[in-house]
Amino acid sequence: MNTTNGKADDKPDHGKEVTFTVHDEDDGESGTFTVKRGSSLADAIASAYAAVKRTPAEGDQIKADGTGTPVTAGAHDTVATYLAHGGVLVWLISGPTGGATLGRRQ
Amino acid sequence: MTPERALARAAAEAHLQVLAPRLSEWGWSTTWIGDVQLRVDVLGVRADGQADPYVVDLEFSTYDVEPPRVLFVLPDPYGQPPTSTSIWWPRFDGAPPFEFALHHAYPFENGTRPGQLVCFSHSRDYYYTGHSPQPGQRWQQGRHTVAATLTRLRHVLTAPYYQGPSGAGPL
């Protein structure tokens, strides 16, 4: 698949829509959002936040359900390339969690 | 039930209702066993997909000003702490998915006991054991709910961090 900027939107399926589910793991709220496959991943992430009425904050993580992989891990430009590389349709947003690692007192 | 406990119970019930579809999806269930005491039957899922049952006791007396107290407990007699070789005491290995630790006997600040500590910032006892969360990590009423507590428990009870029960003993 061509992932070069400027070329991706020329793909015939990039006008098709795809629907994601997103869960806010801090308050349990869930939502869905629909974007075109040719949309930028950054726009999709913005839509994910809007779907659960959440404002992005420092330390937030947005991960793929089931794998725990950050959605941004592959640095994919578009939703299409994200999905083509094994991206999933359920995302989890959470803020930072404090604690301690095993065997270490804080 | 005191007014304070009634408010805590109402907040917890409302927040659990929001999370109910996901709890069902995970195969987890909840049962109120006291005014502000909730039994949560959870599953730990190993790398090969095998699921192991655990019982988590949540106590909401100061909710949602503070997170619930979190304990792994025996199902029978209910509420007793498992031994460290119990089938009801989970075993972890490697790096947790976030800052987390499970202590069998941890020295609490008030000095009255060493007790079990499920150590993460969405567990009440974390705030009474000398921890210093960063501002973004600290429990915030109105932002965090019991969903934060349970979703984090789900993550640690999933492979690769989750390994299985610590032993085969029933207690």
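Student: Let's start with one residue. Where in chain A is A:Lys53?

Tutor: A:Lys53 sits in the loop between helix 1 and strand 3 of chain A. Keep in mind that this is a predicted model.

Student: What is the phi of A:Lys53?

Tutor: Its phi is near 55°, a positive value in a residue other than glycine. Along the chain, A:Lys53 follows helix 1 of chain A.

Student: Is A:Lys53 buried or exposed?

Tutor: To decide, you count C-beta atoms around the residue: 20 or more others within 10 Å make it buried, 12 or fewer make it exposed. A:Lys53 has 10 other C-beta atoms within 10 Å, so it is exposed.

Student: And what about A:Ala75, which has a positive phi too?

Tutor: There phi is about 50°, and A:Ala75 is not a glycine. You'll find A:Ala75 in the loop between strand 3 and helix 2 of chain A. Try the count again: A:Ala75 has 9 C-beta neighbours inside 10 Å, so it counts as exposed.

Student: Back to helix 1 of chain A, then. Which of its residues are buried?

Tutor: First the general idea. An α-helix has 3.6 residues a turn, so residues three or four places apart point the same way. In helix 1 of chain A, which covers residues 41-51, the buried ones are A:Leu41, A:Ala44, A:Ile45, A:Ala48 and A:Ala51. Look down the helix axis and these buried residues fall within an arc of 120°, so they line one face of the helix.

Student: What covers those buried residues?

Tutor: The cover includes strand 1 (17-24), strand 2 (30-36), strand 3 (61-64), helix 2 (79-84) and strand 4 (90-94) of chain A.

Student: Now chain B. How many helices and strands are there?

Tutor: Chain B has two helices and eight strands. Walk along the sequence and you read α-β-β-β-β-β-β-β-α-β. The radius of gyration of chain B is 15 Å, close to the 16 Å from the globule rule for 171 residues, so chain B is as compact as a globular protein of that length. As for burial, 39% of the 171 residues of chain B count as buried.

Student: How far apart are the end C-alpha atoms of helix 1 of chain B?

Tutor: Use the rise of 1.5 Å a residue: the 24 residues of this helix (residues 3-26) should span 34 Å, and the end C-alpha atoms are 33 Å apart, which agrees. Do look for a bend as well: a kink of about 55° lies at B:Leu19, shortly before the proline B:Pro21.

Student: What do the buried residues of that helix pack against?

Tutor: The buried set is B:Ala8, B:Arg9, B:Ala12, B:His15, B:Leu16, B:Leu19 and B:Leu23. They pack against strand 1 (29-32) and helix 2 (146-156) of chain B. Just after the helix, B:Gly27 takes a positive phi of about 80°.

Student: Where are the cis peptide bonds you mentioned before class?

Tutor: Check omega. The bond joining B:Asp76 and B:Pro77 is cis, with omega about 0°, and B:Pro77 is in the loop between strand 4 (69-73) and strand 5 (90-92) of chain B. The bond from B:Ala159 to B:Pro160 is cis too, with omega near 15°. B:Pro160 lies in the loop between helix 2 and strand 8 (162-165) of chain B.

Student: Last one: how many residues does each chain bring to the contact?

Tutor: Chain B brings 30 residues and chain A brings 19. On the side of chain B, helix 1 and helix 2 are the elements that give two or more residues. By class, that side has 14 nonpolar, twelve polar and four charged residues.

Conventions: Residues numbered from 1 in each chain as written. Chains lettered and ligands numbered in written order. Predicted model: local features only at pLDDT ≥ 70, side-chain atom pairs only at ≥ 80, totals over all residues. Helix = DSSP H or I, 4+ residues; strand = E, 2+ residues; numbered from the N terminus. Expected span 1.5 Å × (residues − 1). Bend = angle between axes of the 7 residues up to and from the residue. Contact = placed C-beta atoms within 7 Å. Arc of directions from axis to C-beta. Nonpolar A, V, L, I, M, F, W, Y, C, P; charged D, E, K, R; others polar. Rg over C-alpha atoms; globule rule 2.2 N^0.38 Å.
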